[in-house]
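Visitor: I'd like to learn how to read a protein model. Could you walk me through this one?

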Amino acid sequence: MLYAIMASDAPGTLDARLAARPDHLARLHQLQDAGRLVLAGPHPAIDSNDPGSAGFSGSLVVAEFDSLEQAREWADQDPYIAAGVYDQVLVKPFKRVLPA
């Protein structure tokens, strides 16, 4: 089943986000290589693809896991959590309707 992992960044964590980004992306690439990643990306803090020093307000990952518990465990191990970037993470089942 698909799950949406929606995370919010703590204020003032852009430097920590940038430092942890390579490890964060490596985990996403593992999901992609396993054919389980639907989409992933950050939420710019301003209306721009390149928010510069404004940074990001969070991230969204939609991926396939065997259970909600497994999705939560995967999310809990994100390098952004260890680096103090995320201050809130919500994991919910997701039903893909479109594109089919």
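Guide: We'll go from the overall fold to single residues. One thing up front: this is a predicted model.

Visitor: Let's start with the fold. How many helices and strands does the protein chain have?

Guide: Start by counting the elements, then read off their order. Here the protein chain has three helices and four strands. Going from the N terminus, the order is β-α-β-β-α-α-β. The radius of gyration is 13 Å, close to the 13 Å that the globule rule gives for 100 residues, so the chain is as compact as a globular protein of that length.

Visitor: What does the C-alpha trace span along its principal axes?

Guide: About 35 × 30 × 25 Å.

Visitor: And what share of the residues of the protein chain count as buried?

Guide: For burial, look at relative accessible area: under 20% is buried and over 50% is exposed. Of the 100 residues, 31% count as buried. The accessible surface of the whole chain comes to about 6200 Å², and 51% of that belongs to carbon and sulfur atoms.

Visitor: What about contacts between residues 24 or more positions apart?

Guide: Take the contacts with a separation of 6 or more, and ask what share joins residues 24 or more positions apart. In this chain that share is 73%.

Visitor: How far apart are the mean positions of the positive and negative charges?

Guide: Here you average the places of each kind of charge and compare the two points. The chain has 8 positive and 13 negative charges, and their mean positions are 7 Å apart.

Visitor: Now some single residues. Where is Arg-17, and is it buried or exposed?

Guide: Place it in an element, then check its accessibility. Arg-17 sits in helix α1. Its relative accessible area is 5%, so it counts as buried.

Visitor: Which residues does Arg-17 touch?

Guide: Leaving out residues up to four places away in sequence, Arg-17 touches Asp-9, Pro-42, Phe-56, Gly-58, Ser-59, Tyr-80, Val-85 and Tyr-86.

Visitor: Is Ala-19 buried or exposed?

Guide: Ala-19 is also in helix α1, but at 62% relative accessibility it counts as exposed. You can also check how sequence distance compares with distance in space: Ala-19 and Ile-81 are 62 residues apart along the chain, and their C-alpha atoms are separated by 12 Å.

Visitor: Where is Thr-13?

Guide: Look in the loop between β1 (2-9) and α1 (14-33). A loop residue still needs its own burial check, and Thr-13 is buried, with a relative accessible area of 12%. Beyond its neighbours within four places in sequence, Thr-13 is in contact with Gly-84 and Val-85.

Visitor: What does the side chain of Thr-13 reach?

Guide: The backbone oxygen of Ala-10, at 2.8 Å. Thr-13 also makes a good sequence-versus-space example: Gly-55 is 42 residues away in sequence, while the C-alpha to C-alpha distance is 8.4 Å.

Visitor: Is Leu-2 buried or exposed?

Guide: Leu-2 belongs to strand β1, and its relative accessible area of 15% makes it buried. Setting aside neighbours within four places, its contacts are Val-38, Ala-63, Glu-64, Pro-93, Phe-94 and Arg-96. Leu-2 and Leu-37 lie 35 residues apart in sequence and 9.1 Å apart in space, C-alpha to C-alpha.

Visitor: Where does Arg-36 lie, and what does it count as at 29% relative accessibility?

Guide: Arg-36 is in the loop between α1 and β2 (37-44). At 29% relative accessibility, Arg-36 counts as partly exposed. Not counting residues up to four places away, Arg-36 touches Leu-31, Val-62, Ala-63, Glu-64, Phe-65 and Gln-70. From Arg-36 to Arg-96 is 60 residues in sequence and 13 Å in space, C-alpha to C-alpha.

Visitor: Last stop, the backbone. Which peptide bond is cis?

Guide: For this, read the omega angle. The bond from Leu-98 to Pro-99 is cis, with omega near -10°. Pro-99 is in the segment after β4 (86-94).

Terms used
Residues numbered from 1 in each chain as written. Predicted model: local features only at pLDDT ≥ 70, side-chain atom pairs only at ≥ 80, totals over all residues. Heavy atoms only, no water. Helix = DSSP H or I, 4+ residues; strand = E, 2+ residues; numbered from the N terminus. Rg over C-alpha atoms; globule rule 2.2 N^0.38 Å. Buried < 20%, exposed > 50% of the residue type's maximum accessible area, 1.4 Å probe, protein only. Contact = heavy atoms within 4.5 Å. Areas by Shrake-Rupley, 256 points an atom, 1.4 Å probe, with all protein chains shown as cover. Lys, Arg positive; Asp, Glu negative; His and termini not counted. Charge placed at Lys NZ, Arg CZ, Asp CG, Glu CD. Polar contact = N/O pair within 3.5 Å; in protein donor to acceptor, adjacent residues only side chain to side chain.
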